[in-house]
Protein chains: 2
Amino acid sequence: MTVYRLDIAYDGSGFRGYAKQDGHRTVQGELDPAIETVLGSPISTAVAGRTDAGVHAKGQVVSFEYDGAVNDQRLARSLNGILGPEIAIKGIAAVSEAFNARFSATWRRYRYLIDERPTLDPLTRHLAWHVGPPLDIEAMGVVANAYVGHHDFTSFCRTVEGKSNVRRVEESALVQGDDFLEYWVQANAFCQQMVRSLVGFLYDVGRGYSKGETVEEVIAAQDRSTVASVAPPHGLTLWEVGY
Amino acid sequence: MTVYRLDIAYDGSGFRGYAKQDGHRTVQGELDPAIETVLGSPISTAVAGRTDAGVHAKGQVVSFEYDGAVNDQRLARSLNGILGPEIAIKGIAAVSEAFNARFSATWRRYRYLIDERPTLDPLTRHLAWHVGPPLDIEAMGVVANAYVGHHDFTSFCRTVEGKSNVRRVEESALVQGDDFLEYWVQANAFCQQMVRSLVGFLYDVGRGYSKGETVEEVIAAQDRSTVASVAPPHGLTLWEVGY
């Protein structure tokens, strides 16, 4: 058996998320059958980040085992031909037998774009969350910093019964770009809806809608109801995965 | 009569160009009726740049006369509500009676994005022309420089019987950005398909497909058949109009 690593990108706009779901168009629902068609063999894929409906990826990683030789470049070309422009195979390589896109990953890095300009930009409307009022960037920066560290992020997660929400946030920073306010966050892993909830709370603080709890109190509460807003998915991109 | 100036942006992907055409979805075909609905009166609009099918705009300018008072901000909000996210009204203002978006314009500036990265980027596929082979940027830069000046651009235009193709190109430059090779061009005006033909010839030179004529010879030929390629519309954005 050889393990193959795929580096892929996608525009999440037209997909009900990464993971396969009966009756819905998903990235995995397109990708897995395309690989099986080209290889002529059933395969089972692992993925670094199971992105939600509407979330994009620039550096998603997928792996699968296959009992046979693969011409990496030809497979990439064939898949790109089948999949069309919404999903791009950026590279395919044979890797160590121990590699698993999900379990070998040591960190994930996401970018969230906030568009503060007065008018929605038609050309980037699928990539950035267009928000109305001016934001208190300084207050948001303080909150972003406070996310860093080893915390129980239950207040920011859609909790799955019996699963821990403890994560290690390694970077969390707001950067003012030319067109957008960029939020960059890196963690060992993220629980469900975590990035969008981190951004939602940032936004509430930025527009002065927070209920007065400090970010430390919100984290300590371990209570989902303390975070009122979840930022929409289209501003979010899975940027890179570390191994 | 008061003259109003509209500054608008649009994603050209879903439109058969700016100008109204029976049976086709166009920007003007959406915009004019929206203005008439809000004002309750027929109007006639002028536009700075009649962009082709699929071409975008970030700084398009439209003007119309209206016999009445308009609350600029309310009109902009109403139009944005009717038009949806593909067309954005960035601003509306009452201007001098002598103003005409088309005839008062003294220059137009366009941006063309070329994506040289190995794989098509799903997130910007509507904004940049993805080209395969590596390009000879230096040779392209020489050509871009040679476009500057007062020339008969017949070799680069879809000629309209009896109309001159003499234009004054004021800036023409290739810039290597983070993700894209950017081509910026500014002229007093452009004839039909001119920017896409200027880029088409740049591309042919960049990939070594030109027939050996220098750019000076191509301009001097005043013959459309000397320029083999017309770059696709989706890489092109009308950036700004000067008055």
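Two residues are in contact if their C-beta atoms, placed from the backbone, lie within 7 Å. The model is predicted: local features need pLDDT of at least 70, side-chain atom pairs count only at pLDDT 80 or more, and totals for chains, interfaces and linings use all residues. Residues are numbered from 1 along each chain as its sequence is written, and chains are lettered from A and ligands numbered from 1 in the order in which they are written.

**Exercise 1. Describe the side of chain B that touches chain A.**

Step 1. Count the residues. 17 residues of chain B are in contact with 17 residues of chain A.

Step 2. Find the elements. Helices (H or I, at least four residues) and strands (E, at least two) are DSSP runs, numbered from the N terminus. In chain B, β1 (2–10), β3 (56–66) and β4 (87–95) each supply at least two residues of this side. β4(B) gives the most, with three residues.

Step 3. Sort by class. Ala, Val, Leu, Ile, Met, Phe, Trp, Tyr, Cys and Pro count as nonpolar, Asp, Glu, Lys and Arg as charged, and the others, Gly among them, as polar. The side of chain B that touches chain A has nine nonpolar, two polar and six charged residues.

**Exercise 2. Work out how the two copies are related.**

Step 1. Recall the principle. Two copies of a chain are related by a rotation about an axis and a shift along it.

Step 2. Superpose. The fit is by least squares on the C-alpha atoms of residues with pLDDT of at least 70 in both copies. Chain B can be laid on chain A with an RMSD of 0.0 Å, by a turn of 180° and a shift of 0.0 Å along the axis. The two copies are thus related as by a two-fold rotation axis.

Step 3. Locate the axis. In chain B, the C-alpha nearest the axis belongs to T124(B), 4.4 Å from it.

Step 4. Compare surfaces. 100% of the interface residues of chain B are also interface residues in chain A, so the copies meet through the same surface.

**Exercise 3. Find the buried side of helix α1(B).**

Step 1. Check the length. α1 (residues 27–39) of chain B has 13 residues and reaches 18 Å from its first C-alpha to its last. That is close to the 18 Å expected at 1.5 Å a residue (1.5 Å times one less than the number of residues).

Step 2. Pick the buried residues. A residue is buried if 20 or more other C-beta atoms lie within 10 Å of its own, exposed if 12 or fewer, and partly exposed in between. In α1(B), V27(B), L31(B) and I35(B) are buried. They cover an arc of only 40° around the axis, which puts them on the same side of α1(B) (the arc is that of the directions from the helix axis to the C-beta atoms).

Step 3. Name the neighbours. The buried residues of α1(B) pack against β1, β3, α2 (72–83) and β4 of chain B.

**Exercise 4. Which residue sits before α4(A), and how is that helix covered?**

Step 1. Start in the loop. Q193(A) lies between β9 (181–187) and α4 (194–206) of chain A. Q193(A) has a positive phi of about 65° although it is not a glycine. Q193(A) is partly exposed, with 19 other C-beta atoms within 10 Å.

Step 2. Move to the helix. α4(A) is mostly covered: 11 of its 13 residues are buried. Among them are M194(A), F201(A) and Y203(A).

Step 3. Name the partners. The buried residues of α4(A) pack against β5 (107–115), α3 (137–147), β9, α5 and β10 of chain A.
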